[in-house]
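Student: Could you take me through one part of this structure slowly? I would like a close look at the largest pocket, with enough of the surroundings to place it.

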Amino acid sequence: MLKKKMFIGGEWVEALSGEKRSIENPYDASQVAEVSEGGREDAKKAIAEARRAFDGGWGLTPPPIKGFPRFKNGFFDILSASFRNFG
């Protein structure tokens, strides 16, 4: 089962509340993932971190230098792992 956190300020973090959400396979209702359940304070923190990064030069950095392939590959890893759970 996948366990995922939120990516805020360059780090994978749990929700400030500590709450989590179970993600179920719609076919058989089995649990396929558990994710952090972000709230208002998490959103405020993410927005503030995004603004700080953008103002710090991140907004002018070309995508290949930002590490887009690393995030893209991670996304496809998660997606392909999810497909294995959907018979």
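Tutor: Happily! Let's begin with burial: in this predicted model, 13% of the 87 residues of the chain count as buried. The chain exposes about 6,800 Å², and carbon and sulfur atoms supply 58% of that area.

Now for the layout. You can find five strands and three helices here, and along the sequence they follow the pattern β-β-β-β-β-α-α-α. If you take the contacts between residues at least 6 apart in sequence, 46% of them join residues at least 24 apart.

With that in mind, let's turn to the pocket. Rolling a probe the size of a water molecule over the atoms shows where empty space is left. The largest pocket has a volume of about 170 Å³. Try picking out its lining on your screen: Phe7, Gly9, Gly10, Glu49, Ala50, Arg52, Ala53 and Trp58. Helix 1, residues 40-55, gives the largest share of this lining, with four residues. Sorted by class, the lining has four nonpolar, two polar and two charged residues.

One more stop, this time in a loop. Alanine 29 lies between strand 4 (20-24) and strand 5 (31-36). Its phi is near 65°, a positive value in a residue other than glycine. Is alanine 29 buried, partly exposed or exposed? Its relative accessibility is 47%, so alanine 29 counts as partly exposed; the exposed class starts over 50%.

Definitions and conventions:
Residues numbered from 1 in each chain as written. Predicted model: local features only at pLDDT ≥ 70, side-chain atom pairs only at ≥ 80, totals over all residues. Heavy atoms only, no water. Helix = DSSP H or I, 4+ residues; strand = E, 2+ residues; numbered from the N terminus. Buried < 20%, exposed > 50% of the residue type's maximum accessible area, 1.4 Å probe, protein only. Contact = heavy atoms within 4.5 Å. Areas by Shrake-Rupley, 256 points an atom, 1.4 Å probe, with all protein chains shown as cover. 1 Å grid on protein atoms, 1.4 Å probe; cavity = no way out; pocket = protein on both sides within 12 Å on 5 of 7 lines; lining within 4 Å. Points joined across faces, edges and corners; volume = space filled by probe spheres on them. Nonpolar A, V, L, I, M, F, W, Y, C, P; charged D, E, K, R; others polar.
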